[in-house]
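Trainee: Could we go through this model together? I'd like to hear the reasoning behind the labels.

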Amino acid sequence: MTELHSLSVAALGFRSGSATDTGLRRAGNEDALFAGFPIFVVADGMGGHDAGEVASARAVEAFASLAGAAHVSPAELRAAFDGAARAIAAILPGGARRAGTTVTGAAVAEIDGEAQWLVFNLGDSRTYRLANDRLEQVSVDHSVVQELVDEGEIDRAAAAVHPGRNIITRALGAGGVYRPDYWLLPIEPGDRLLLCSDGVSGELDNEELRAILVSQPEAQTASELLVNAALQRGGRDNLTAVVVDAFLL
Ligand code: MG
């Protein structure tokens, strides 16, 4: 057993990489991302015409306002979320479907002197953590199939191919319920986070994601490999991956 140290944010360094691609079936890319210490976010927009593109971009802009801070408090993150919700509510309806977006990611927080990942999620984009070569999905999808899994109606394998897997139950805008989830996880040196849209997690299962993340130490290259692997699987949706590494200074 290694002794657990309580590390401040100042004791840690962070490196990130990102990649996004329209994919092979969609006309435009409605995903958006921001990766700049201490805030990392992926958004997957939805809505007719260019509404989805506008929604994901506005959401990401609201979170990007936190960039450059020494760390982010839970209250500051909530305020950014509320700002994103207001920005999306202000988008004029341009088509039959209302503009909306998923949002997931992590802020670097310091709680009682200890560096923590403040993970957030609304919708079915995902935040994973790779620690000691083990990959765990931190965020929980807000989707119809996740509800069926929670109720024991179907298992994970059935959920991955369920015809209703794209139906989300919470979102920013688009008539979705505005109720984000938050998690606080102590940051350990060597932690690697993966943020991705469902275009990536829909093409690659957790073991495939893990194998790529473990094989490539460089965050930018790892992000590109993830998107390229999902493209090779068919790239049926827009594809976005952000990889964030924490290390001891
Ligand atoms: Mg998508």
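Mentor: Sure, and keep in mind that this is a predicted model. Start with the magnesium ion, whose donor residues follow the spacing D-x153-D-x38-D along the sequence.

Trainee: What makes D44, D198 and D237 donors of the magnesium ion?

Mentor: Check the distance. A donor has to be an N, O or S atom within 2.8 Å of the metal. The OD atoms of D44, D198 and D237 lie 2.1 to 2.2 Å from the ion, so they qualify under that cut-off.

Trainee: Why do you say that D198 and D237 tie parts of the chain together?

Mentor: D198 belongs to helix α5 (residues 198-201), while D237 is in the loop between α7 (219-232) and β11 (239-248), so the pair links parts that are 39 residues apart in sequence. Both D198 and D237 are buried, too.

Trainee: Next to N238, then. Where is N238, and is it buried or exposed?

Mentor: N238 is in the loop between α7 and β11. Its relative accessibility is 2%, and buried means under 20%, so N238 counts as buried.

Trainee: How do you know that the side chain of N238 makes polar contacts with T22 and E30?

Mentor: Distances again: the cut-off for a pair of N or O atoms is 3.5 Å. A polar atom of the N238 side chain lies 2.9 Å from the backbone oxygen of T22, and one lies 2.8 Å from the backbone nitrogen of E30. Beyond its neighbours within four places in sequence, N238 is in contact with several residues, including D21, R26, S197 and G199.

Trainee: Now the sheet. What is the strand order, and why are β1 and β7 called edge strands?

Mentor: It's an open sheet of five strands in the order β1-β11-β10-β6-β7, with antiparallel pairing. β1 (12-21) and β7 (134-137) each have a single partner strand, so one side of each has no neighbour in the sheet. From one strand to the next, the twist averages 20°.

Trainee: How do you know that β6 and β10 pair?

Mentor: Pairing takes at least two bridges. Strand β6 (residues 126-131) and strand β10 (residues 192-196) have five, in the antiparallel sense. As one example, Y128 has L194 in β10 as its bridge partner.

Trainee: Which helices go with the sheet?

Mentor: Helix α6 (residues 206-215) lies across β6, β7, β10 and β11, at about 55° to β6. Then α7 packs on the sheet, touching β1, β10 and β11, and its direction makes about 155° with that of β11.

How values were computed
Residues are numbered from 1 along each chain as its sequence is written. This is a predicted model: local features need pLDDT of at least 70, side-chain atom pairs count only at pLDDT 80 or more; totals for chains, interfaces and linings use all residues. Side-chain values use heavy atoms; hydrogens and water are left out. Donors are N, O and S atoms within 2.8 Å of the metal (3.2 Å for Na, K and Ca); water is not among the atoms, so sites may look incomplete. Helices (H or I, at least four residues) and strands (E, at least two) are DSSP runs, numbered from the N terminus. Buried means under 20% relative accessible area, exposed over 50%, partly exposed in between (1.4 Å probe, protein chains only). A polar contact is a pair of N or O atoms within 3.5 Å; within protein, one must be able to donate a hydrogen and the other to accept it, and residues adjacent in sequence count only if both atoms are side-chain atoms. Contact means heavy atoms within 4.5 Å. Axes are lines fitted to C-alpha atoms, for helices over the stretch in contact, and angles run from 0 to 180 degrees between N-to-C directions.
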